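Please open the structure in your viewer and keep the selection tool at hand. We will go from stop to stop, and at each one you will be told what to select and what to look for.

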Amino acid sequence: MSLGLQRGKVKLTPYDPVWAALFAEEKQGIADVFGEKLLGIEHIGSTAIPGMDAKPILDLMIAVASIDDYEDEGTILEKVGYTFGRDMREEHQHVLFVKGPDENRTHYLKLTTLDSQFWQEKLLFRDYLISHPERAEAYRQLKHQLLEQYAGERAEYTDGKADFVKKTLQLAQEDFLQRR
């Protein structure tokens, strides 16, 4: 398997087309245990962007009617190997579940709702980078620069991407409005 990274660390791996197949497998397993409670499931993050170097951790986002019942969803997710990570409802409109031990984290799953800003922005960012290779390349270069600058420490690496992500979302929203 081409996934796995120690919790809190950053390592970038060249894009692996296997990630799309791993997402498809994971999607099916989650859909099987959730049934009708599952309103949407998406592959997000850098592993979802063809050609993008990424932390070898598969990022997924699932939508349910309400994340206030996240403990019930957590019980369902345990059936496919996930454990509760963090309640990020107040700040980021999702609840995080993880797969894999701290020494070799393989999956991040964000539980949210279809109408959340979180859901919309994750898809907008992913789709914009897929359709704008020059912006994706700039992101790839920034990620490598930050990795070198912060020696693989996750918090600083993530913070260093914030302005780029914000600007990309602005460009994506403008692009979306122009195409309407």
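The tour below begins with a strand, moves to its neighbours, and ends with two pockets. Keep in mind throughout that this is a predicted model.

**First stop: strand β5**

Select residues 107-112, which make up strand β5. Is this strand enclosed or open to the outside? Six of its six residues are buried, so the strand is largely enclosed by the rest of the structure; buried here means that under 20% of the relative accessible area is left. Now show the side chains and look along the strand: His-107, Leu-109 and Leu-111 point one way, while Tyr-108, Lys-110 and Thr-112 point the other way. In a regular strand the side chains alternate between the two faces of the sheet.

**Second stop: the partners of β5**

Add residues 58-63, strand β2, to your selection, and you will see a strand that pairs with β5 in the parallel sense, over six bridges. Within this pairing, Leu-60 is the residue to find, as it stands opposite Leu-109 of β5.

Next, add residues 94-99, which form strand β4; this strand runs antiparallel to β5 and is joined to it by five bridges. Which residue of β5 is the bridge partner of Phe-97? It is Leu-109, the residue that Leu-60 also stands opposite.

**Third stop: the largest pocket**

Turn on a surface and look for the largest pocket, whose volume is about 1600 Å³. To find its centre, select Met-88, His-94, Lys-110, Lys-122 and Thr-158, which are the closest to that centre among the 43 residues of the lining. Colouring by element helps here, since two or more lining residues come from each of β3 (82-88), α3 (89-92), β4, β5, α4 (117-131), α5 (133-149) and α6 (154-179). Helix α6 contributes the most, with nine residues. If you then colour the lining by residue class, you should find 16 nonpolar, 10 polar and 17 charged residues.

**Last stop: the second largest pocket**

Finally, select Gln-120, Leu-123, Leu-124, Asp-127, Tyr-128, Ser-131, Ala-172, Asp-175, Phe-176 and Arg-179, the residues that line the second largest pocket. The elements that give two or more residues to this lining are α4 and α6, and the largest share, six residues, comes from α4. The volume of this second largest pocket is about 170 Å³, and its lining has five nonpolar, two polar and three charged residues.

Note on methods:
Residues numbered from 1 in each chain as written. Predicted model: local features only at pLDDT ≥ 70, side-chain atom pairs only at ≥ 80, totals over all residues. Heavy atoms only, no water. Buried < 20%, exposed > 50% of the residue type's maximum accessible area, 1.4 Å probe, protein only. Helix = DSSP H or I, 4+ residues; strand = E, 2+ residues; numbered from the N terminus. Pairing = 2+ DSSP bridges. 1 Å grid on protein atoms, 1.4 Å probe; cavity = no way out; pocket = protein on both sides within 12 Å on 5 of 7 lines; lining within 4 Å. Points joined across faces, edges and corners; volume = space filled by probe spheres on them. Nonpolar A, V, L, I, M, F, W, Y, C, P; charged D, E, K, R; others polar.
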